[in-house]
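Trainee: Please take one part of this model and go through it closely. Start at a single side chain and work outward from there.

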Amino acid sequence: MNKYIAEFIGTMILVFFGTGTAVVTGGFTGGLGLGYLGVVAIALAFGLTIVAGAYAIGHISGCHVNPAVSIGVWLSGRMSAKDFAGYVVAQVIGAFAGTGLLSVVVNGSETLSGFGADGYGTLSAVGLSMGGAFVVETFLTFVFVLVILGVTASEKTSALAGLVIGAALTMVHLIGIPLTGTSVNPARALAPAVFTGGEALAQVWLFIVAPLVGGAIAAVFHRAWFSVKED
């Protein structure tokens with residue numbers, strides 16, 4: 001049960017700080033009004049939160065805080081189906097808790113609004129198509145999960161895993177935010193979309209399916225070509 005509690009808390013913190021930074025940045029600058037500086041701030045919020053989480057709860061649950069990561073770890077043979085299901089439930093509940101906490105903050109402000117939902121088309125900063133969004137989310141998640149599986153595969157690199165994973169999440173956000181808002185995490189996508197409603201909720205299926213596909217492909221790819229024996 002401690003593993004599931006850790007995943008709940010970790011996902012709640014990730015969603016609150018990550019999407020919260022997007023909301024605060026938008027509130028002060030009118031979305032991407034600061035240009036790429038706003039994108040960097042949001043990307044760092046997600047990346048640094050993962051670094052903190054990795055060293056806070058990584059020894060308990062591995063700090064997946066993301067169903068796409070969990071499906072990659074499960075398909076790689078590193079966790080049971082029971083734990084995979086438990087992790088996903090905890091992550092989704094944690095994401096809703098994080099967005100719920102953000103909603104309290106937003107409702108208490110006269111200038112802040114929104115919940116950091118992902119989107120394509122009119123919800124994308126660059127007007128990305130549905131097909132383009134699916135490709136982007138799948139590929140970015142593939143890269144992110146592949147990094148995680150690689151850096152945690154050996155004791156020689158696992159000590160630096162938190163820093164590497166945080167850097168990788170920052171990296172995918174730097175390009176993904178203007179395109180889709182960057183999901184690469186079904187739990188992170190679902191909660192803000194439900195709170196936002198409307199078109200964001202209608203599009204959320206893509207930001208659930210594409211990251212899961214990307215995580216699964218990364219697991220198959222890593223297991224077939226890059227897997228190494230544990231030290």
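**From a surface patch to the core**

Mentor: I9 counts as partly exposed because its relative accessibility is 35%. The cut-offs are these: buried means under 20% relative accessible area, exposed means over 50%, and partly exposed lies in between (1.4 Å probe, protein chains only). The model is predicted, so local features need pLDDT of at least 70 and side-chain atom pairs count only at pLDDT 80 or more, while totals for chains, interfaces and linings use all residues. Residues are numbered from 1 along each chain as its sequence is written, and side-chain values use heavy atoms, with hydrogens and water left out.

I9 sits in helix α1. Helices here are DSSP runs (H or I, at least four residues), numbered from the N terminus. I9 joins M1, I5, I13 and F17 in a nonpolar surface patch of about 480 Å². Such a patch takes residues with over 30% relative accessible area and no salt bridge, and joins nonpolar side chains (Val, Leu, Ile, Met, Phe, Trp, Tyr) within 5 Å. The area comes from the Shrake-Rupley method with a 1.4 Å probe.

Helix α1 also has a charged link. K3 and D83 form a salt bridge through their side chains, at 2.7 Å from N to O. K3 is in α1 and D83 in α4, so the bridge ties together parts 80 residues apart in sequence. The term means a Lys or Arg side-chain nitrogen within 4 Å of an Asp or Glu carboxyl oxygen. D83 is buried, at 16% relative accessible area. K3 is partly exposed, at 29%.

The structure has two salt bridges. D118 and R188 make a salt bridge at 3.4 Å, N to O. Here the loop between α4 and α5, which holds D118, is linked to R188 in helix α8, 70 residues away. Both D118 and R188 are buried. T122 lies in the loop between α4 and α5. T122 is exposed, with 68% relative accessibility. Its side chain makes a polar contact of 3.0 Å with that of E199. That term covers N or O pairs within 3.5 Å; within protein, one atom must be able to donate a hydrogen and the other to accept it, and residues adjacent in sequence count only if both atoms are side-chain atoms.

Now the interior. The largest nonpolar core holds 47 residues, and I50, F144 and L169 are among those with the most contacts inside it. A core here is a set of buried Ala, Val, Leu, Ile, Met, Phe, Trp, Tyr and Cys residues joined through side-chain atoms within 4.5 Å. Helices that each supply at least two residues of this core include α1, α2, α4 and α7. The biggest share comes from α5, with 11 residues.

L169 touches F46, G47, I50, F144 and V184, leaving aside residues up to four places away in sequence. A contact is heavy atoms within 4.5 Å. V184 lies in the loop between α7 and α8 and is buried, at 1% relative accessible area. Its phi is near 45°, positive although V184 is not glycine. Most residues other than glycine have a negative phi. T182 has a positive phi too, near 70°. T182 lies in the loop between α7 and α8 and is buried, at 0%.

One last pair: V40 in helix α2 has its C-alpha 6.3 Å from that of L174, 134 residues away along the chain. V40 is partly exposed, at 28%.

Methods
Patch = residues over 30% accessible without salt bridge, like charges linked within 9 Å, V, L, I, M, F, W, Y side chains within 5 Å.
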